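Here are a few exercises to work through with the model open in your viewer. Try each one before you read the solution.

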Amino acid sequence: MKLPKLLAGMHMKGVGIPDWRGRMIYRGYSVVNSLGIQGVLALGILSLCILFFFTTILSLHTELKSLTQRANRSVSVDVGRVNQSMASELAAYKDSLELEVPKPAALLGQLHSLSNAVGFRLSSAELQSVGSGANSYADMPSLVVSVEFEAGREAIVTYINAVLVAMPNSALEAVSLQRAKLAATTLQARLRFRFYVRAT
């Protein structure tokens, strides 16, 4: 006997099931019966999704919003002070440079000496330009020198560091590395340095 008919019979015979409880059981059964197994599963999944949203997603969203507001409050940059600090650092850097442009021969000789100290020889070192070109920093006079050599990766990095440390007015502008053969352990390197000087 199906549950609706059973409940109806029990009510008619005065079995003692309260009217409100019988109606609730009957309506619940009717809903489940109309939805079917697939509908009940879908309703259960939907309930879990709603529960997950309110217990996890919503709390994370609230926390993220709070963190964003705190970050926006804490990040306040005084642009004027930053520009003033950069100008002061640039002025100090200019004052630390040599008054005169170093002689090309002396500069190239120092680059050769540093390569010999690292463990290889420069195949070429040439002066490309003198002056304050478009790539020069703050229109400061400078020398641009390109060097070529063959060395291992670690030796190349060591040489670059040696040049930048030995000559604080230098800047590495370009690096070109090529491997002659797939099995080669050394690289063909071409480096371009710019050496800044203070205007007289």
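**Exercise 1.** Find which exposed residues sit on the face of helix 4 turned away from its buried side.

*Solution.* Start with that outer face: it carries Ala-105, Ala-106 and Ala-117, which are exposed (over 50% relative accessible area, with buried meaning under 20% and partly exposed in between; 1.4 Å probe, protein chains only). Helices here are DSSP runs of H or I with at least four residues, strands are E runs of at least two, and both are numbered from the N terminus. A word on the source: this is a predicted model, where local features need pLDDT of at least 70, side-chain atom pairs count only at pLDDT 80 or more, and totals for chains, interfaces and linings use all residues. Residues are numbered from 1 along each chain as its sequence is written, and side-chain values use heavy atoms, with hydrogens and water left out.

Next, flip to the other side: Leu-107, Leu-108, Leu-111, Leu-114 and Ser-115 are buried. Looking down the axis of helix 4, the buried residues fall within an arc of 120° (taken from the directions from the helix axis to the C-beta atoms), so they line one face. The general rule behind such patterns: an α-helix has 3.6 residues a turn, so residues three or four places apart point the same way.

Finally, look just past the end: Gly-119 follows helix 4 and has a positive phi, near 125°.

**Exercise 2.** Work out which aromatic cluster Phe-120 belongs to.

*Solution.* First, search the whole structure for aromatic pairs (rings of Phe, Tyr and Trp, the last by its six-membered ring, with centres within 6.5 Å; planes under 30 degrees apart are stacked, over 60 edge-to-face, the rest tilted): you get four. In one of them, the ring centres of Phe-120 and Phe-149 are 4.4 Å apart and the planes are at 20°, so this pair is stacked. Phe-120 is in the loop between helix 4 (104-118) and strand 1 (124-131) and Phe-149 is in strand 2 (residues 142-151), so the pair ties together parts 29 residues apart in sequence.

Then take Phe-120 and Tyr-159: they pair edge-to-face, at 5.4 Å centre to centre and 70° between the planes. Tyr-159 lies in helix 5 (residues 153-166), 39 residues away from Phe-120.

Now check burial: Phe-120 and Phe-149 are buried, and Tyr-159 is buried too. Put together, Phe-120, Phe-149 and Tyr-159 make one aromatic cluster.
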